[in-house]
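This report describes one protein model in terms of its exposed loop residues, its helices, its nonpolar core and its largest pocket. The sequence and structure are shown here.

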Amino acid sequence: SVAAIAAVTVCAVTAVRWLIARRAAVLSHHGLPEPRSAWGLWAGCLVPLANVVWAPVYVIELAVLEDHYARLRRPIVQWWIAWVVGYVAWIFAIVTSFATDAQGIANNTVMMVLTYLLAAVTVAALGRVFEGFERKPVQRPAHRWVVVTPDQPDRPEAPAPAGPVELPGREQAA
């Protein structure tokens with residue numbers, strides 16, 4: 001449990017720092033001021049229950065600013081759903097942690113395992129959102145450059161047709 005808490009803390013701090021830096025870079029590229037303070041971004045991303053609403057809103061704002069929202073809508077929504085379901089499981093696990101009977105303890109153990117699995121799904125979904133921002137869009141065409149020396153003509157002359165290729169007495173191919 002201590003390792004899980006440390007991993008969640010490191011992941012959260014790293015993600016928030018990335019979000020703040022990315023927003024600052026995009027807004028400065030567009031020549032716009034940051035409408036939210038750094039403190040507000042930290043609070044919106046780290047305060048429990050408030051972060052379920054505000055962190056995805058900040059990510060959606062960033063996707064809209066970068067004009068990637070159409071491509072990233074599905075991963076962002078999947079991450080958001082995984083996060084909400086994980087939160088519900090976490091709250092239920094906290095509530096059932098006060099059980100003293102054997103069945104209650106077993107139920108809580110199962111709920112904690114489910115909560116850890118949902119947290120892993122949420123981190124994987126966050127990774128897909130992060131990769132969506134960091135990679136180049138697939139829709140962008142590749143540019144292929146061809147080197148042509150100036151003394152050569154742009155296109156060689158096409159050879160003249162040699163005539164029909166069918167055997168004598170056969171109909172031409174359609």
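## Loops, core and pocket

Pro48 has a relative accessible area of 53% and is therefore exposed, where exposed means over 50% relative accessible area, buried under 20% and partly exposed in between, with a 1.4 Å probe and protein chains only. This residue is placed in the loop between H2 and H3. Although Pro48 and Tyr87 are 39 residues apart along the chain, their C-alpha atoms are separated by 9.3 Å.

The model is predicted, so that local features need pLDDT of at least 70 and side-chain atom pairs count only at pLDDT 80 or more, while totals for chains, interfaces and linings use all residues. Residues are numbered from 1 along each chain as its sequence is written, and side-chain values use heavy atoms, with hydrogens and water left out.

Two loop residues have a positive phi without being glycine. They are set out below.

| Residue | Loop | Phi | Relative accessibility |
|---|---|---|---|
| Leu49 | between H2 and H3 | about 70° | 53%, exposed |
| Asp67 | between H3 and H4 | about 60° | 69%, exposed |

The protein as a whole has five helices and zero strands, helices being DSSP runs of H or I with at least four residues and strands runs of E with at least two, numbered from the N terminus. Read from the N terminus, the order is α-α-α-α-α. Of the 174 residues in the protein, 25% are buried. Among contacts between residues at least 6 apart in sequence, 61% join residues at least 24 apart; a contact means heavy atoms within 4.5 Å. The accessible surface comes to about 12,900 Å², and 68% of this belongs to carbon and sulfur atoms; such areas come from the Shrake-Rupley method with a 1.4 Å probe.

The largest nonpolar core has 20 residues, and those with the most contacts inside it include Leu19, Trp79 and Phe133. A nonpolar core is a set of buried Ala, Val, Leu, Ile, Met, Phe, Trp, Tyr and Cys residues joined through side-chain atoms within 4.5 Å. H1, H2, H3, H4 and H5 each give two or more residues to this core, and H3 gives the most, with six residues. Ile76 is also among the residues with the most contacts inside the core; leaving aside neighbours within four places in sequence, Ile76 touches Val59, Ile60, Ala63 and Val129.

Helix H3 also holds Ala55, which is buried because its relative accessible area is 5%. Beyond its neighbours within four places in sequence, Ala55 is in contact with Gly44, Cys45, Trp79 and Trp83. Ala55 and Ala43 are twelve residues apart in sequence, with 9.3 Å between their C-alpha atoms.

The largest pocket holds about 1,300 Å³ of space. A pocket is an open set of points on a 1 Å grid over the protein atoms alone where a 1.4 Å probe fits, with protein on both sides within 12 Å along at least five of seven lines; lining residues have an atom within 4 Å of a point. Of its 34 lining residues, Val8, Ala12, Asn51, Trp83 and Tyr87 lie nearest the centre. Helices H1 (2-30), H2 (38-46), H3 (51-65), H4 (69-96) and H5 (102-134) each supply at least two lining residues. The lining divides into 27 nonpolar, seven polar and no charged residues, with Ala, Val, Leu, Ile, Met, Phe, Trp, Tyr, Cys and Pro counted as nonpolar, Asp, Glu, Lys and Arg as charged, and the others, Gly among them, as polar.

Terms used
Points joined across faces, edges and corners; volume = space filled by probe spheres on them.
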